[in-house]
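Notebook open, model loaded. I'm jotting down what I looked up, one topic at a time.

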Amino acid sequence: MRKPNFIVILADDLGYGDLGCDGGKVIRTPNLDRMAAEGVRLTDFYASANVCTPSRAGLLTGQYAIRNGLAHEVIQPADTTGLPPDAVTIPKALGEDYASALIGKWHLGHVAPHWPPMVYGFQRFYGLPYSHDMRPLALYDNAASPMTESKADFSKLTQWFFEQTVEFVEQNREQPFFVLLALTAPHIPLKPNPDDLTGSPGGDYGEVVEEIDLNVGRLLETLKALGLEEDTMVVFTSDNGPWFEGSSGPFRDRKGGSAWDGGFRVPFIARQPGTLPAGQVSHALASNLDLLPTLAAMAGAPPVQDRELDGRDLSGVLKDGADSPHEQIVLFDNAKVAAVRTPRWKYVARSYYRTYDIALDRYPLLFDMEVDPGENYSVARNHPQAAADMRARLEAARARYEPMAEAFPPHVAPASAADHPD
């Protein structure tokens, strides 16, 4: 029996409320909405960080970024650090049976030994070393040796990234493949593609999101035409919440916003006809940390044994509607534990006010996420036992994770609370 193919489409700074299937009312996303109707949608899916680099590190390794020295802010062009070369990534976990490609944005180190992405198990790389608002910037392509550099046309990046993904799929249609399609949209600068203008009511932001949606539809049709539709699980998600535009949906705050869900809660859709049920909506607690163990399990690859993972296998959630394998999700702001989320409760311990990163240990903030997903009203007084339990979970997470940061120097100069570069 053929092993499944995987395509993980990772948007950059896309908000939970930007998709119609998640309640969005402004931007038109018919193909992603159809993908959700034909697959599984998770409503309580968290990025593992509220900014780019640590979130991507978590997705690729199944470990909170603090374990790999990447919890603090994001990698800048002058930085020389990156993901440890011995990190076990999704391509490494899937093994040599899989052809693996990174198409799009890397942002996990652009200086040796953290560069190029082929260090981490990818055979194919076409994309950018970091965010497209950073300089100097080049588009890299390892189709030839040595790897070539060219100028990035921002208005064409989404189109090019999807085209390269289709080309890779066509070239590897006879063997299992994994593609991380890491888009640059809708991260600023926003440059709509003149060949795919839709007249979006969401302005330029809406244009680039609707272009993503158009290309998702084209990709799904290509898989069907190639006879790969039932062999390929396509996942769509985002690296964190929205930045200056976009919608966090009903959730509080945005990208970089300390503990609040608007920076972490992101869309998640998975579709594989014949393997995943159509139209399933799950409220199971989940994280992008779960992609590595989930894909490895679905591929029949052995579990990672030589290091502890923070992610869990979600295949039961996706296939059978099982309960979450997580008792809790820990939310970090840089290297500090900022909140803990369980299926019902969330306990918040850090927030920002102007230039201050405020510890809220004297002011217990316990939110009932079933009643108040916007995190507006603390019910610590109403539920003292739950507050005590959640406080204990927070302290245990601090004791477990925060000392890990001491093994790694910060890779960027400390930033103010209002400065969250990406």
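**Cores.** This is a predicted model, and I started with its nonpolar packing. The largest nonpolar core holds 49 residues. I listed the members with the most contacts inside it: Phe-6, Leu-42, Ile-90, Phe-178, Leu-180, Met-233 and Leu-318. Helix H6, residues 291-298, supplies the largest share of this core, namely four residues. Apart from that core I found another one, of 42 residues, including Ile-9, Met-35, Val-166 and Phe-236.

**Met-233.** I picked this residue from the list and asked what it touches, leaving out residues up to four places away in sequence. Met-233 touches Asn-5, Phe-6 and Ile-7, then Ala-270, Arg-271, Gln-272 and Leu-276, and finally Leu-295, Met-298 and Leu-318. Two of these names, Phe-6 and Leu-318, I had already noted among the core residues with the most contacts.

**H4 against H5.** How are these two helices oriented to each other, parallel or perpendicular? I get an angle of about 10° between H4 (residues 157-171) and H5 (residues 203-225), with the axes 10 Å apart. H4 and H5 are therefore roughly parallel. On the H4 side, I wrote down Thr-158, Gln-159, Phe-162, Thr-165, Val-166 and Val-169 as the contact residues. H5 answers with Glu-211, Ile-212, Asn-215, Val-216, Leu-219, Thr-222 and Leu-223. Sorted by type, the residues of this contact come out as seven nonpolar, five polar and one charged. Val-166 is a name I had seen before, in the core of 42 residues.

**Salt bridges.** I count 30 salt bridges in the model, and I followed up a few.

- Asp-196 and Arg-218 pair through their side chains, at 2.9 Å from N to O. Asp-196 sits in the loop between strand S8 (177-182) and H5, while Arg-218 is in H5, so the bridge ties together parts 22 residues apart in sequence. I checked burial too: Asp-196 is buried because its relative accessibility is 11%, whereas Arg-218, at 40%, counts as partly exposed.
- Glu-229 bridges to Arg-271, with the closest N and O atoms 2.6 Å apart. Glu-229 is in the loop between H5 and strand S9 (232-238) and Arg-271 is in strand S10 (residues 268-271), so I logged this as a link between distant parts of the chain, 42 residues apart. Arg-271 counts as buried, at 5% relative accessibility; Arg-271 is also one of the residues that Met-233 touches.
- Lys-346 and Asp-261 form a bridge whose closest N and O atoms are 2.6 Å apart. Lys-346 belongs to strand S15 (residues 345-348) and Asp-261 to the loop between S9 and S10, so the pair ties together parts 85 residues apart in sequence. I find both Lys-346 and Asp-261 buried.

I then asked which residues are linked with Lys-346 in a network of salt bridges. The network consists of Asp-44, Asp-261, Arg-265, Arg-341, Lys-346 and Glu-375.

**Leu-228.** My last stop was the loop between H5 and S9, where Leu-228 lies. Is Leu-228 buried or exposed? With a relative accessible area of 3%, Leu-228 is buried. I looked up its contacts beyond four places in sequence and got Arg-2, Asn-5, Val-169, Arg-173, Phe-177 and Leu-223. Val-169 and Leu-223 also appear in the H4 and H5 contact. For Asn-5, I noted a C-alpha to C-alpha distance of 8.4 Å from Leu-228, across 223 residues of sequence. Asn-5 turns up in the contacts of Met-233 as well.

Key
Residues numbered from 1 in each chain as written. Predicted model: local features only at pLDDT ≥ 70, side-chain atom pairs only at ≥ 80, totals over all residues. Heavy atoms only, no water. Core = buried A, V, L, I, M, F, W, Y, C linked by side-chain atoms within 4.5 Å. Buried < 20%, exposed > 50% of the residue type's maximum accessible area, 1.4 Å probe, protein only. Contact = heavy atoms within 4.5 Å. Axes fitted to C-alpha atoms, helices over the stretch in contact; angles between N-to-C directions. Parallel < 35°, antiparallel > 145°, perpendicular 65-115°, else oblique. Nonpolar A, V, L, I, M, F, W, Y, C, P; charged D, E, K, R; others polar. Salt bridge = Lys/Arg side-chain N within 4 Å of Asp/Glu carboxyl O.
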